[in-house]
Amino acid sequence: MGFGRVFLTLLVFALIEVMVLAAVADLIGWPVTIIAVVATALLGSALFRRQGLDTWTRLNQRVNQGEMPARELVEGMMLLLGGAFLITPGFISDAVGFALLLPQSRRALADRLIKRGTVQAFASRGGGAFFYTSGPGGGFRPGGPGAGGNVYEGDARAEDAGDQAAERPLTLDQEPPRDRS
């Protein structure tokens with residue numbers, strides 16, 4: 001989608017939003033319309049904060065368990081979009097924003113997006129990347145297209161931690177790095 005199409009889409013959306021605001025203001029009056037728009041922004045802000053914290057907590061739990069938090073990443077993006085829609089004045093954008101912030105609709109949409117395609121999350125350490133792909137041959141794997149840096153291949157093994165048998169650090173028997181070029 002080129003810049004012209006994006007600009008035209010935003011322009012048409014803004015015009016429709018203004019027309020809906022004017023129609024609602026004609027029905028209930030401008031002061032009530034303005035109060036309603038401000039109230040939805042405040043309610044959306046509180047919902048965004050609560051749902052964002054919940055999603056962030058679930059994301060951290062999944063990462064700590066060594067799992068790819070695909071659903072949480074998609075939900076996080078949807079929360080950001082929902083928050084942006086809610087601070088935009090208008091009733092159509094508020095409806096879209098609340099749909100993206102409410103847990104049931106957001107999770108259903110996130111699951112649908114994950115089943116449809118590929119979710120990619122880039123790690124900040126060393127320029128590495130982790131990719132999750134759905135469908136045949138999918139899964140959680142390091143590297144992927146466009147990931148720079150060295151690739152280290154090896155086997156993991158558990159080493160005895162002495163008295164702390166519950167915590168066993170993993171070490172990596174590494175082969176020399178090979179260039180990814």
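Does Arg-107 count as buried, partly exposed or exposed, and what is its relative accessibility? In this predicted model, Arg-107 counts as partly exposed because its relative accessibility is 25%, and the residue offers a way into the salt bridges described further on.

A walk along the chain can begin with helix H1, which covers residues 3–28. This helix has 26 residues and reaches 37 Å from its first C-alpha to its last, a span close to the 38 Å expected at 1.5 Å a residue. Within H1, the residues Glu-17, Leu-21 and Ala-25 are buried, and what covers the buried residues of this helix includes helix H2, residues 30–64, together with H4. Just after H1 comes Gly-29, which takes a positive phi of about 95°.

Further along the chain, helix H4, residues 91–101, packs against helix H5, residues 103–116, at an angle of about 75° and with the two axes 5 Å apart. That angle makes H4 roughly perpendicular to H5, because values from 65 to 115 degrees count as such. On the H4 side the contact is made by Phe-98, Ala-99, Leu-100 and Leu-101, while H5 contributes Pro-103, Ser-105, Arg-106 and Leu-109. Sorted by class, the contact of H4 with H5 has six nonpolar residues, one polar residue and one charged residue.

Charged side chains form pairs as well, and a search of the whole structure finds ten salt bridges. One of them lies in helix H2, where the side chains of Arg-58 and Asp-54 meet at 3.6 Å, N to O. Because Arg-58 and Asp-54 are four residues apart in H2, about one helical turn separates them. Arg-58 counts as buried, since its relative accessibility is 16%, whereas Asp-54, at 32%, counts as partly exposed.

Another salt bridge joins the side chains of Glu-67 and Arg-62 at 2.7 Å, N to O. Glu-67 is partly exposed, with a relative accessible area of 34%, and Arg-62 also counts as partly exposed, with 26% relative accessibility.

The opening residue, Arg-107, forms a salt bridge with Glu-75, the closest N and O atoms being 3.9 Å apart. This pair links distant parts of the chain, for Glu-75 belongs to helix H3, residues 70–87, and Arg-107 to helix H5, 32 residues apart. Glu-75 counts as buried, at 0% relative accessibility, while Arg-107 counts as partly exposed. Salt bridges that share partners join these two residues into one network with Asp-54, Arg-58, Arg-62, Glu-67, Arg-71, Glu-72, Arg-106 and Asp-111.

Methods: Residues are numbered from 1 along each chain as its sequence is written. This is a predicted model: local features need pLDDT of at least 70, side-chain atom pairs count only at pLDDT 80 or more; totals for chains, interfaces and linings use all residues. Side-chain values use heavy atoms; hydrogens and water are left out. Axes are lines fitted to C-alpha atoms, for helices over the stretch in contact, and angles run from 0 to 180 degrees between N-to-C directions. Helices (H or I, at least four residues) and strands (E, at least two) are DSSP runs, numbered from the N terminus. Angles under 35 degrees count as roughly parallel, over 145 as roughly antiparallel, 65 to 115 as roughly perpendicular and the rest as oblique. Contact means heavy atoms within 4.5 Å. Ala, Val, Leu, Ile, Met, Phe, Trp, Tyr, Cys and Pro count as nonpolar, Asp, Glu, Lys and Arg as charged, and the others, Gly among them, as polar. The expected span of a helix is 1.5 Å times one less than its number of residues. Buried means under 20% relative accessible area, exposed over 50%, partly exposed in between (1.4 Å probe, protein chains only). A salt bridge is a side-chain nitrogen of Lys or Arg within 4 Å of a carboxyl oxygen of Asp or Glu.
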